[in-house]
Amino acid sequence: MDILVVLEDNRGSLHRMSKEAIAGAQKMGGSISALAIGVNADAMAGELSGVDLTEVITINHDLVSSYNADGYSEVVKQVIESESPQTIVIGHSYQTRDFMPRVSAKLDIPFIPDIISMDDGIVKQVLNAKLNALVTTSADQVILSFQSATFSEEAMVTGSCLTRSIEVNLDSSIVRSEAEDPFQEDAGDVDLESAELIVSIGRGIEKEENISMAFDLAKVLGAEVSASRPVVDSGWVESFRQVGSSGQTVAPKLYFSLGISGAIQHVVGIKGSKNILAINKDPDAPIFEIADYAVVGDLLDIIPKLIEALQTEKDL
Amino acid sequence: MKIAVLVKQVPGSETALPILGNHNWIDEEQVSFVMNPPDNFAIEEALLIKERTGDGEVVIVSMGPVRVQKVIREGLAKGADRGIHLEEDGQIQTDPLSIAKSISSILMDENFDLVLTGLQSDDTGMGQTGVLIGEMLGMSTGTLAMETDVQDNAIRVKRELESGWFQWVKLPLPASISIQSGLNTPRYPSLRGIMGAKKKEIKVVSPSDHQTDAISQSIDKVFVPQTSKQTEMIEGNADSAVTRIIEILKSELKVL
Amino acid sequence: MIEREVLELDVLFVGAGPASLAGAVHLQRLLRESGQDASVGVLEKAGEVGAHSLSGAIVDPRALRELFPDKNDQDFPFEAEVSEEHLYYLTETRKIPFPFIPPSMNHHGCYVASLGKLTRWLGEACEKDGVDIFCGFAGTELLYDGDQVIGVRTGDRGIDKKGVQKQHFEPGADIHAKVVVLGEGTRGSLTKILLQRHNLMDERNPQVWAVGVKELWQMPAGIVQPGYVAHTMGFPLGHDIFGGAFLYGMKNDIWNLGLVVGLDYKNPGVDSHHELQNLKTHPWIRSLIEGGKMVAYGAKSLPEGGWYSIPKLSISGAMLIGDSAGFMNGQRLKGIHLAMKSGMLAAETISKALAENNFTESKLGDYEDRMKSSWIRDELWKVRNFHQGFDHGLFGGLTNAGIGLLTGGRGWGFKNRLTSEAGHLQLEKGLKKDRYKDLKFDGTYLFDKVTDVYHSATAHEEDQVPHLHVNEPDICITKCAEEYDNPCKNFCPANVFEMVPDGENQRLQINFSNCVHCKTCDIMDPYQIIDWVPPEGGDGPTWINL
């Protein structure tokens, strides 16, 4: 096979990044098989029945019914050995970081992680995303992981595929870890770094009374709230919401900035955003140079109207 | 308890990054270097574990040119016991498998109970070295530890999962663990620590004693990310702006 | 009671600049030669040696040659020997070469250098010599036993912006030393305290200052000639503001472009950063940086007062060296060699003091005697009235300087000593003249202050009490706003001070995180209510080759 896509189980269903990885593999071209491991392997295969793949290989062995690094890396190693894919592709999730390097070491296959583009060679970010790097390998086989949103799950080509279940050889001594059940913890501080939608407040909000407008907008959009430095310095929002060179770095799907001028100290914290929608009164505001959508207008006028319109959309 | 902490010296985040003439890396002569920030948490965790268990040795290990001895000394100044410097000449190695093979070959004989690393390096950001070494040395592995709990011949780590989920995993020793940033507060070195660091041993391993020839991946070129940004200007009154925004959110960005 | 670490040293240099480092290297040699054993340490507030060093610079190799007699000039970390030099008078559009370069402004035989690079190199020499350099530790207090200085206390770490101890609070340490040598650089904070407490400026001219702001420009290959030197006067400062520009060719195709602005101007609206941007609108300068990229920015004040502004140099247990003591030759625009020499002379005194275990004022006074019979004196005496002549504007100053060349430095040809007033007192109340109405920042060649600050690579622990202490903040929103329209927002080259709306009124916002440690605010505020103290150790710029 040309490409083996290793899937991830996200509490019973296919992880979004696995679908993105499939879309990526399809773009690369060739014969593609997907690998589903664990107690939910069949369910994951089921989700892919309408996708254009050669097959989904399912493996459900007691020792890998739920994730563990020892078991998963051994299973993937065995599949690679028996199926000989030229390329192994996976989403760059926390789980991938946990076990894929083990596979790389077991088989001496290079693992190129966190890729942001395959258009013109393999590109990943280096030096805190200040630069991009073109990575090459002369190895016969390679493992690639794609950064979130490098490919889009909507781009998965439809079609059909078969499911094939295989047996693996696993000795109980292989799995040395004892895992407890995963649990959720109150995030406490908002995790802006992994937020998909962010509404961000700048000095253009003018007064503390207007801050609630931004939070209302965020609520109706299901977004997190961040702010530029001057807003935090004025004490209008908590400091953990600060985005920029001395705050957090974010890379949401949408960064919706309100009254932010776009000083370089702020912009370095948002460069990874997939889409930037900026509202600012000043047509020369530097933020417009990096925005995808630039709204020149008074945010105090626009936002209440936008919230109302969004509410209406929601009710529809 | 014998703990190795793998640290890396990386370009400081505040510096401009001039690219070499042949474009294959940055011009290291013109940048300032610092301890890889995530590694500070790994060093601190190692020192805390040593303090909690009451005995043990913390060894700082780093690979790179002579300048990396500075970050090894920083670790020593904070309280680590000794250092190991795998010397590199010429340009730094960027292939994780080669790096891991080099380091494993040197760590092998020392029989460490724990190998700790930061979550990834701020230069190449491959995020694999600790796990690769764990596999090569037959250790159990864990990543993104938000908390550690050393027990008898084992270590429990609280792995960070995505979206606010966590999981405790118990791993037998020896184990290689990557440490998530923010789990502790790295200490400052004391004046005495700085003075004492000069007297602690740093074993230097010459390139021929650790370098592997096989390179499995390499960085051919680095370049400034191009933003082919087309900015759509939305003008007009508030109402028309709102209409357009809704359309963008709904049909183009599909976030509604 | 806070428990502090106590360290005993014999000699402590405060500030790892050229003065202290040269002093430490020289001291170690003298100790070895005399068979003495002493512990020598250097305290440095930056996280790394050289990170807070900024100068032009053109270095007179004299002191380095004395310090390292076994080395050649090629061994020193210079960019290049001065290969060509120019002196221009600029108008808004033209550049007029001076008919000849006065010998004192002649840089022949000197070297273009980066002070950061030089300091790092000296730091390495020190460490090889067994000197402990403690980076990331700021000296915040002098320790006394009666009137004798017995050491330095370093700053506490881990205190939040409200002054409350954080979880990882660490009290500063007390370093006891037989001699504390203050080499803090320009407008040193411990130096300021020492000068006041012991009246060390009695009978001297008040120090007068200037601020230097600079940018490094990365040019395409082959454009910059290392060793190229040009100085200018005239545009953009005009005739009423002391100062001028410098342009030096560095290695790696870097243009080193800067402007020195005297901090004794009348117009409270003067903004050295904006003046630098204006300089770049000159067609000649603009053509030089065409196609280039600005890669670094920084600023630092300079002591311009010269000979008569040098304080008494020592008291029991403490000495002043380098810029902290005002050793700068304003006319030659060189101070690094003087700083190094002063450190070396201090070392000679200290070596003797250690041998006799005597660190009293009279014993340490030997340093001042040495200084007065050294080439520091020879050099500074000749230009002792240089800056003061400029109180009469550019042409007055040049005339005075010219005459001075013929009369061995006498002011206006006949006066042995010209007096001067402190610069901040020259600000004229109510004077409003906007020098920057036509200045537009294009983001490619001309930058707003906030963008330039970003390129100064400065960072501070955010959650700490601001290190710029404004002792009477009410004055800011009342008297100062009325009389001077808050010049702090203009004279700070790093946008630290801003007047922001506060309901109906205004309030002073201190963006201390932008601070580049130039000390201009401490110098220039007309009411002298700003005290610059060191922030948490390790904070500040991370300059590499400035």
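**Exercise 1. Find which residue of E9(B) stands opposite Ala179(A).**

Solution. Start with the strands themselves, which are DSSP runs of at least two residues labelled E (helices are runs of H or I with at least four), numbered from the N terminus. Strand E12 of chain A covers residues 178-179, and strand E9 of chain B covers residues 165-172. They pair in the antiparallel sense over 2 bridges; pairing takes at least two bridges found by DSSP. Now look across from Ala179(A): you land on Val169(B).

Before you go on, note that this is a predicted model, where local features need pLDDT of at least 70, side-chain atom pairs count only at pLDDT 80 or more, and totals for chains, interfaces and linings use all residues. Residues are numbered from 1 along each chain as its sequence is written, while chains are lettered from A and ligands numbered from 1 in the order in which they are written.

**Exercise 2. Work out how many residues each of chains A and B gives to their contact, and what kind chain A brings.**

Solution. Count a residue pair as in contact if the C-beta atoms, placed from the backbone, lie within 7 Å. That gives 61 residues from chain A and 60 residues from chain B. On chain A's side, H4(A) supplies the largest share, 8 residues. Sorting that side by type gives 34 nonpolar, 11 polar and 16 charged. Here Ala, Val, Leu, Ile, Met, Phe, Trp, Tyr, Cys and Pro count as nonpolar, Asp, Glu, Lys and Arg as charged, and the others, Gly among them, as polar.

**Exercise 3. Describe how H4(A) and H4(B) cross.**

Solution. Take H4(A), residues 94-107, and H4(B), residues 129-136: their axes come within 8 Å and cross at roughly 45°. Axes are lines fitted to C-alpha atoms, for helices over the stretch in contact, and angles run from 0 to 180 degrees between N-to-C directions. The two helices are therefore oblique to each other; that word covers whatever is left after under 35 degrees (roughly parallel), over 145 (roughly antiparallel) and 65 to 115 (roughly perpendicular). Next, list who meets whom: Pro101(A), Arg102(A), Ser104(A), Ala105(A) and Lys106(A) meet Val131(B), Leu132(B), Glu135(B) and Met136(B). Those residues split into 5 nonpolar, 1 polar and 3 charged.

**Exercise 4. Trace the open sheet of 7 strands in chain C.**

Solution. Read off the order, E6-E5-E15-E16-E17-E14-E18, with mixed pairing. At the edges sit E6 (95-97) and E18, each pairing on one side only. From one strand to the next, the twist averages 25°. Helix H5(C), residues 272-279, packs on the sheet and touches E14, E16, E17 and E18 of chain C.

Now zoom in on E14(C), residues 209-218. With E18(C) the pairing is antiparallel over 10 bridges, and Gln218(C) has Lys293(C) as its bridge partner. With E17(C) the pairing is antiparallel too, over 9 bridges, and here Ala210(C) partners Gly262(C).

**Exercise 5. Decide whether E2(C) is enclosed or open.**

Solution. A residue is buried if 20 or more other C-beta atoms lie within 10 Å of its own, exposed if 12 or fewer, and partly exposed in between, with C-beta atoms placed from the backbone. For E2(C), residues 40-44, 5 of the 5 residues are buried, so the strand is largely enclosed by the rest of the structure. Check both faces: Val40(C), Val42(C) and Glu44(C) are buried on one side, Gly41(C) and Leu43(C) on the other. Finally, E1(C) pairs with E2(C) in the parallel sense over 4 bridges.

Note on methods. Contact = placed C-beta atoms within 7 Å.
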